[in-house]
Amino acid sequence: YALTIYQGDPDNTLATLTVAIKDPNAGAAIAAANQFNDPAQPGYHYVAVEYTFTGASKTEPANVTSLLWDWSLAQTDGTLIGESNTTVVYPDGWNNAYDVNDLYEGQTGSAVVVYQVPDSYTGPLLATAYGQYVAL
């Protein structure tokens, strides 16, 4: 399911977005990517989520870093999970938002965001921003 991201009014579409879990237990991949990557804090595990944007504006490029700013994960009870604040060197092939160039109409780019999810939570995860929820 592709979401539409617009600026100001629905006729000013900046990009479309699809969201998917890239790795539900990303700790091993993160540990293998760099010996200095920290493990998730006790009682949590890393979940990697991939956000894929396609630029849609004829006049303004979509900046992936800006578009990702407000996204987080949510548990079904409404508890929000923000991006992990642990500095992580990503595995090869995983792009940080800062690695993706501005996207002009028709151009596509993907960025991975790492979250620390409580081990005790076993329900579905939702990506959320701007009052929208996407089941992952």
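This report covers the largest pocket, an open sheet and the aromatic pairs of a predicted model.

## Largest pocket

The largest pocket holds about 320 Å³ of space. Its lining is made up of 19 residues, and those nearest the centre of the pocket are Glu83, Asn96, Ala97, Tyr98 and Val113. Two or more lining residues come from each of helix 2 (64-68) and strand 6 (108-118). Strand 6 gives four residues, the largest share of the lining.

Sorted by class, the lining has 11 nonpolar residues, seven polar residues and one charged residue.

## Open sheet

Four strands make up an open sheet, in which the order is 5-4-7-8 and the pairing is antiparallel. Strand 5 (80-81) and strand 8 (132-135) are the edge strands, each of them pairing on one side only.

Strand 4 (residues 72-74) runs antiparallel to strand 5, and two bridges join these strands. Within this pairing, Ala74 of strand 4 has Leu80 of strand 5 opposite.

## Aromatic pairs

Three aromatic pairs are present in the structure. For Trp71 and Tyr130, the ring centres lie 6.3 Å apart and the planes stand at 85 degrees; an angle over 60 degrees counts as edge-to-face, so this pair is edge-to-face. Trp71 belongs to the loop between helix 2 and strand 4, while Tyr130 belongs to the loop between strand 7 (126-129) and strand 8. The pair therefore ties together parts that are 59 residues apart in sequence.

The burial of the two residues can be stated in turn. Trp71 has a relative accessibility of 6% and so counts as buried, the cut-off being under 20%. Tyr130, at 45% relative accessibility, counts as partly exposed.

Another edge-to-face pair is formed by Tyr90 and Trp94, with 6.2 Å from centre to centre and 65 degrees between the planes. Tyr90 is buried, its relative accessible area being 15%. Trp94 is buried as well, with a relative accessible area of 12%.

## Ring cluster

Tyr51, Trp71 and Tyr130 are linked into a cluster by ring pairs. Of the cluster members, Trp71 is buried and Tyr130 is partly exposed. Trp71 and Tyr130 also form the edge-to-face pair described above, with each residue placed in a loop next to strands of the open sheet: Trp71 in the loop that leads to strand 4, and Tyr130 in the loop between strand 7 and strand 8.

Methods
Residues are numbered from 1 along each chain as its sequence is written. This is a predicted model: local features need pLDDT of at least 70, side-chain atom pairs count only at pLDDT 80 or more; totals for chains, interfaces and linings use all residues. Side-chain values use heavy atoms; hydrogens and water are left out. On a 1 Å grid over the protein atoms alone, a cavity is a set of points where a 1.4 Å probe fits but cannot get out, and a pocket is an open set with protein on both sides within 12 Å along at least five of seven lines; lining residues have an atom within 4 Å of a point. Grid points are joined across faces, edges and corners, and a volume is the space filled by probe spheres set on the points. Ala, Val, Leu, Ile, Met, Phe, Trp, Tyr, Cys and Pro count as nonpolar, Asp, Glu, Lys and Arg as charged, and the others, Gly among them, as polar. Two strands pair if DSSP finds at least two bridges between them. Rings of Phe, Tyr and Trp (its six-membered ring) pair if their centres lie within 6.5 Å; planes under 30 degrees apart count as stacked, over 60 as edge-to-face and the rest as tilted. Buried means under 20% relative accessible area, exposed over 50%, partly exposed in between (1.4 Å probe, protein chains only).
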